[in-house]
Amino acid sequence: MKEKSNIRILIHSVYMILFYSLVGICVSTAVSYYSVEMYQKHYILCTFFAALITIPFCLRQMKCDGFLARERQFLRENVSVSNFLAIVILSISACVALNYWIKMLGLMELFHGYDRVEKLIYGNSLLEEFLAVVLAAPIVEELLFRGLVFGNFKKLWNCRGAMLASALLFGLYHGNMLQFIYAFSIGLLLVYVYEVFGTICAPILSHIVANGASVLMTECLDMSWVKGGRMLLFTLAFTLTGMLSLVWIARKKKRKLDK
């Protein structure tokens, strides 16, 4: 009976991810059927509309599973300028540091397949990227992977095991090795932020900031000066900043447990 119950929990944890993927396929198919040129030109908007359709279903499922019951209480306790700044600094630092560690370690040359994905993501207008990559995708992915997946995994394993499993699934979801490395690493940070602050709004904010930083670096800022020795110093600076903000958040968790 217990094994059957565990299987049901596992299925219950991931079926909304399958639903989101299916919605994305349906939206993409409908748009490409109407116009292949429109689909290729505005590919990222398919992600935006798929997320908009899926978000209400995620919220409904989180409510049914009891994961939204304490959101208002946690929001009242955790809304402060210091918490906001800690999340923003950690998110920007993690995004920059991870991207440049990946570059310096030569992982882009070692693992192929990301170039095609990068063109699909960043080959659109800045407005479309902002709507899909910075806003819609972080919201739906946090509801799915931190809200539902992590929440249900904690029914099966201890907190650390659930964190690791949810981050692993988040990495695998992205489909290629380079994105897996980045998404797995950032997924661990996001689920830790969720566990510390106790509200899904915290990892949503963190994810939005990280994706926003990525879009800004790719589309708006001239990062050509970050090379050679400068790249190492630049990466180390953001790594240190991220570690300090993570320590601050960890101390907050300790104070929370001591109460």
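These are short notes on a predicted model, covering the overall chain and then one pair of helices.

1. The chain holds twelve helices and zero strands, and its elements, read along the sequence, follow the pattern α-α-α-α-α-α-α-α-α-α-α-α.

2. Of the 259 residues in the chain, 45% are buried, while the accessible surface amounts to about 14,400 Å², with 68% of that surface belonging to carbon and sulfur atoms.

3. As for the range of contacts, if one takes those between residues at least 6 apart in sequence, 81% of them join residues that are at least 24 apart.

4. Two packed helices are described by the angle between their axes and the distance between the axes. For helix α9, which spans residues 159-173, and helix α10, which spans residues 177-197, the axes come within 8 Å and cross at roughly 140°. Because angles over 145 degrees count as roughly antiparallel and 65 to 115 as roughly perpendicular, this crossing makes α9 oblique to α10. The crossing of the two helices is right-handed.

5. On the α9 side, the contact is made by Cys-159, Met-163, Leu-164, Ser-166, Ala-167, Leu-168, Phe-170, Gly-171 and Leu-172. On the α10 side, Phe-180, Ala-183, Phe-184, Ile-186, Gly-187, Leu-188, Val-191, Tyr-192 and Glu-195 take part.

6. How do the residues of the contact of α9 with α10 divide by character, and how many are charged? The division is into 14 nonpolar residues, three polar ones and one charged.

Key:
Residues numbered from 1 in each chain as written. Predicted model: local features only at pLDDT ≥ 70, side-chain atom pairs only at ≥ 80, totals over all residues. Heavy atoms only, no water. Axes fitted to C-alpha atoms, helices over the stretch in contact; angles between N-to-C directions. Helix = DSSP H or I, 4+ residues; strand = E, 2+ residues; numbered from the N terminus. Parallel < 35°, antiparallel > 145°, perpendicular 65-115°, else oblique. Left-handed = near helix turned anticlockwise from the far one by under 90°. Contact = heavy atoms within 4.5 Å. Nonpolar A, V, L, I, M, F, W, Y, C, P; charged D, E, K, R; others polar. Buried < 20%, exposed > 50% of the residue type's maximum accessible area, 1.4 Å probe, protein only. Areas by Shrake-Rupley, 256 points an atom, 1.4 Å probe, with all protein chains shown as cover.
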